[in-house]
Amino acid sequence: MSQQGYVTTPPYSQAQPGMGGYPTGFGAPPPQSHYGHYGAPPQSFGAQPAGMLKPAASSPSGMPPPPVSSQYGSSIQQNGAHPQKFPSPPAVSAPAMTAYGQPPQRPAYPSMTQAAPPMQQMTNQMGAMSIGGYGQSPIQSPQSPTSSAASQPFQMPSLPAMGHPPLSPAGLQSPTMSPPMSTNGSAAPSPFQMSSPPTMGHPPVSPTGFQPPAMSACPPMAAGPPMGAAGAPPMGMPNTQPGLPPTGGGGFQQQTGPQGFPQQPGPYGGQMPGSQMAGPQAGAFPGGFPGGPANMAGPPQKKLDPDSIPSTTQVIEDDQAKRGGQLYTTNLRGQVPPLVTTNFTVQDQGNASPRFMRCTTYSFPCTTDLAKQCQVPLATIIKPFAKVPQNETPLYVVNHGEAGPIRCNRCKAYMCPFMLFIDGGRRYQCAFCNCVNEVPVQYFQHLDHMGRRVDLYERPELSLGSYEFTATLDYCKNNKPPNPPAYIFMIDVSYNNIKSGLVKLICEELKTLLDRLPKEEGTESSAIRVGFVTYNKILHFYNVKSALAQPQMMVVSDVAEMFVPLLDGFLVNFQESRAVINNLLDQIPDMFGDTNESETVFAPVVQAGVEALKAAECSGKLFIFHSSLPTAEAPGKLKNRDDRKLVNTEKEKTLFQPQRGVYEQLTKDCVGQGCSVDLFVFPNQYMDIATMGNISTHTGGSVYKYSNFQIQVDGEHFLTDLRRDVERSIGFDAIMRVRTSTGFRATDIFGAIYMNNTTDIEMAAVDCDKAVTVEFKHDDTLSEESGALIQCALLYTSISGQRRLRIHNLSLNCSSQLSELYKSCETDALINFFAKSAYNAVLNQPVKTVREILVKQTAHMLACYRKHCASPSAASQLILPDAMKVFPVYMNSLMKSPVLVGSTELSTDDRAFHRLSVMSLGVEESQILMYPRLIPVHSMDVSSEVVPVAVRCSEERLSETGVFLLENGQSLFLWLGQACPPELVQNLFNVPSLAHLSADMTSLPELDNAHSKKLRSIISTISQQRPNSMKMVIVKQKDRSEMLFRQYLVEDKGLHGGASYMDFLCYVHREIRQLLT
Ligand SMILES: [Zn+2]
């Protein structure tokens, strides 16, 4: 097999203006990337280019003055409000420098922090909340151990060490929480009291007060009937010493290893509950999560009024009311965008649209110490090819001619609105590394009296957050322009797939689907070539050259040394070879119609695809339709590793780990060739998704799973996915680099990606649904004035074979006030980050440990807010930052997800599948997955166009007389109450009563009445919003299938384990109080 590939070979790994140019002079970042390494000497730069304003090795403390703010800071008023209106994207080939029309509003980046009044609290002084270990005495408290009791601005009320107050509903304040964070700068907390006067109760100190694996997070509640007052936090925390104990290093960020998870059970490993965590009940809760169904028995708890705890649906509704339908202009640095659930229109005025980049917070803490204190992850979720709605401007393509895009000589950042032109326009200072560069002669332009280039608004790269450059040959593999990509369809024709009718279904569909291959805008037909392979234990290649009257089959039975038996005629243009291809697609189902071969190979199939693309010197995608564990004698043969006895043991991680060997090399080969693998699996039993799907997840591909595939029930569902996959916009052979201004840098990166080194994010392909989550860490102090800048550059081959660079820029605020950080948090983005980092961690750590880290970090983040940002209040109050008030419900849902719940009732493949599919999700998709939408259908306004407002995801919201739709982006349920009105049943299903309704139905009949039309329109609207198709499942109340549905009611106790939202909140509150005492 060819060892070629460009992953590690020149020119890509060398310093050139091309991709190889990425690290020129910058050096690889230091290997250390974790908290423990903060304070290491600053990164030293390579050769210092002439003309730098500042020595390259700028000291950590002596940051050069920020170029950005001085350029933009005061200029906003000068320009008036010219809406940015570029008429239309310029032609790709033209130099693209023509006038774009009216000058847009000056992109200005005033620091939002300056407007905010300082927090009245002693944010800066708190040194005690440092990284160390929960519950231990400070190990290495950072310099400022100054925070002592004396400096506490607020005091915990003295509480008896015993007893749990029955929590009266009246004790809860402000069910709707405090008003949304306003611009007044005060971090409006969301206090709600979780307690009432203490009474005697159960000694919280007794670890036996509740059972470790018990589901109930709050022992008191579980124990006493009056306590039903579920919300009652244990009152047992003695109010002794203020000052937070040093914390556990943010769990995910500590320790060594690229993934950042501790390799061994850390301070909060299950091993030592109670011993390290000061509190009496320490350790109980984490152990509580994995509890099996046995623990769920028992009388249901009485609950507080559930309306009194923060509601996700309310937050979504409020944001929609406040910011929905509005124009979101990206001219402000550190501006927090509307929620992903809100409908808004974006106008790019200098920062990338939140559709492309969304951050966990829009105000980074200035110092490492502050970052450690709060443990809020600093991350951005980048969806470089995100769909742009019709009413928003598509990206402009800029052509800088033969010299290629203008880049900083030192850090190789691309020209962008953050660069500062000086010296009459002859030079510019890089906003990322501060290097001063000469402006190339052909790019020179005069500056106006404000110091801005007079052609500012004619150039997308000077005025917009996102744009593309045409790449020169320097950016191409072997300095040759790439060929258009190819799609290869590889169909498993073993017994199962023939018998189920799948093979025939695929072949029929391809005849029309191939007409809809993606094409470059303005071109008549797609440049993508297609090829066909069928296989079971051996592979069959097809010559479908247009000149042939009949397709020709070539068989390769030696799967150990895979090669492609034909070059000419294998990859063809569909339009030209339509007749031969249709002929082939007609024949395939018959050719294998009487097969009894049930064994399959898999790795050789992928290998064949890569070899074919290599031979054709192009990138592309494999569509593999596979149904069984590949047990035939061949490289990559797999065996059944499904052992659920490993669940909740140290070895559980092996269930998620892929088999290595052949597969490791195969993945490398794929990435090197720009070969993405999309896997459609149709299993009837275990097929090691962890291994087979892993190739997809590292090549920018997708995995689709249709268990026990039945053509009548699942056929349309599968075809919808296939159509979307084939048609969606996509780039190939991509390499992405995330650059930052000085003081911080990208450390951990999650997604459907491949990392061969620490900085280049390789993706064999990247489509409009794939997102990469990037975590940042400080390596120096950030300045409030210059903020934090991020530039994501993606080099890729377009569907027509053009090499392009897509650039997204984003500027964030920096603040020495933690309140600014909390105010600018984005809960949905945080959850995306936590989901990916936790799902990555389960490869190396017990699931239980991962859950414990999540709980600890949740408590820590909230405790830090409480301590540094909130107004003084009673300890019995749980106070949440407004921007994070529903964070706990998402976090709890994440811990109950199939990957983390640790239940033997879930199939190993389902869990592995879930894990892999989450790794590339964008924020929108992770949000809906962690908090499904539950829509009351019985009360819908049939005259309205809109989708009805969702209700909270809890059984309590269901009613016997109701009908509800539930969707989470992957599944869609229609739940019918036992007593739902017969007229509605008649209108929706055309049957007289529920008893007549078949639960096999997967779509609604098209009936001519308002209810039917309205519900079908809702389902259609929802389906269009989601990347995957969702099969509708009918659930009748009290039917067996209801269990399936109920696991998505994430506010309730988990069906397979895991606490209710209320219980979780109580537990977290107790943890917070423990941290604060
Ligand atoms: Zn630079």
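This briefing describes the overall make-up of one protein chain, two of its sheets, a run of paired strands and a pair of packed helices. The structure is a predicted model. The chain contains 24 helices and 30 strands, and 62% of its 1077 residues count as buried.

**Chain as a whole**

- Among contacts in the chain with a separation of 6 or more, 76% are accounted for by residues 24 or more positions apart.
- The chain has an accessible surface of about 37,500 Å². Carbon and sulfur atoms contribute 52% of that surface.

**Sheet β4-β6-β23-β20**

- Four strands make up an open sheet with the order β4-β6-β23-β20, and their pairing is antiparallel.
- The edges are occupied by β4 (357–359) and β20 (744–750); each has a single partner strand, so one side of each lacks a neighbour in the sheet.
- On average, neighbouring strands of this sheet are turned by 30 degrees against each other, direction ignored.
- The edge strand β20 is joined to β23 (residues 772–778) by 5 bridges in the antiparallel sense. Arginine 745 is placed opposite lysine 777 of β23.
- Helix α16 (residues 827–841) lies across β4, β6 (378–382), β20 and β23. The helix runs at about 95 degrees to β23.

**Strands β12, β13 and β14**

- Strand β13 (residues 529–535) has 6 of its 7 residues buried and is therefore largely enclosed by the rest of the structure.
- Strand β12 (residues 486–492) pairs with β13 in the parallel sense, over 7 bridges. Within this pairing, isoleucine 488 has glycine 531 of β13 as its bridge partner.
- Strand β14 (residues 539–543) pairs with β13 in the antiparallel sense, over 3 bridges. Here valine 533 stands opposite phenylalanine 541 of β14.
- A hairpin is formed by β13 and β14, with 3 residues between the two strands.
- Strand β13 thus takes part in a parallel pairing with β12 and an antiparallel pairing with β14. In general, strands of a sheet pair through backbone hydrogen bonds, in either a parallel or an antiparallel manner.

**Helices α12 and α13**

- Two packed helices are described by the angle between their axes and by the distance between those axes.
- Helix α12 (residues 662–673) packs against helix α13 (residues 689–698) at an angle of about 25 degrees, and their axes are 9 Å apart. Because angles under 35 degrees count as roughly parallel, α12 is roughly parallel to α13.
- The contact involves Tyr663, Leu666, Thr667, Cys670 and Val671 from α12. On the side of α13, Thr691, Ile695 and His698 take part.
- The crossing of α12 past α13 is right-handed.

**Sheet β27-β28-β29-β30**

- A further open sheet consists of 4 strands in the order β27-β28-β29-β30, and its pairing is mixed.
- Strands β27 (933–936) and β30 (1032–1036) form the edges; each has a single partner strand, so one side of each is left without a neighbour in the sheet.
- From one strand to the next, the twist averages 20 degrees.
- Strands β29 (residues 972–976) and β30 run parallel and are joined by 5 bridges. Leucine 976 is positioned opposite lysine 1036 of β30.
- Helix α22 (residues 1010–1025) lies across β27, β28 (963–967), β29 and β30. The direction of α22 is at about 10 degrees to β28.

Methods: Residues are numbered from 1 along each chain as its sequence is written. This is a predicted model: local features need pLDDT of at least 70, side-chain atom pairs count only at pLDDT 80 or more; totals for chains, interfaces and linings use all residues. Side-chain values use heavy atoms; hydrogens and water are left out. Two strands pair if DSSP finds at least two bridges between them. Axes are lines fitted to C-alpha atoms, for helices over the stretch in contact, and angles run from 0 to 180 degrees between N-to-C directions. Contact means heavy atoms within 4.5 Å. Buried means under 20% relative accessible area, exposed over 50%, partly exposed in between (1.4 Å probe, protein chains only). Accessible areas come from the Shrake-Rupley method with a 1.4 Å probe; for residues, only the protein chains shown count as cover. Angles under 35 degrees count as roughly parallel, over 145 as roughly antiparallel, 65 to 115 as roughly perpendicular and the rest as oblique. A crossing is left-handed if the near helix is turned anticlockwise from the far one by less than a right angle, and right-handed if clockwise.
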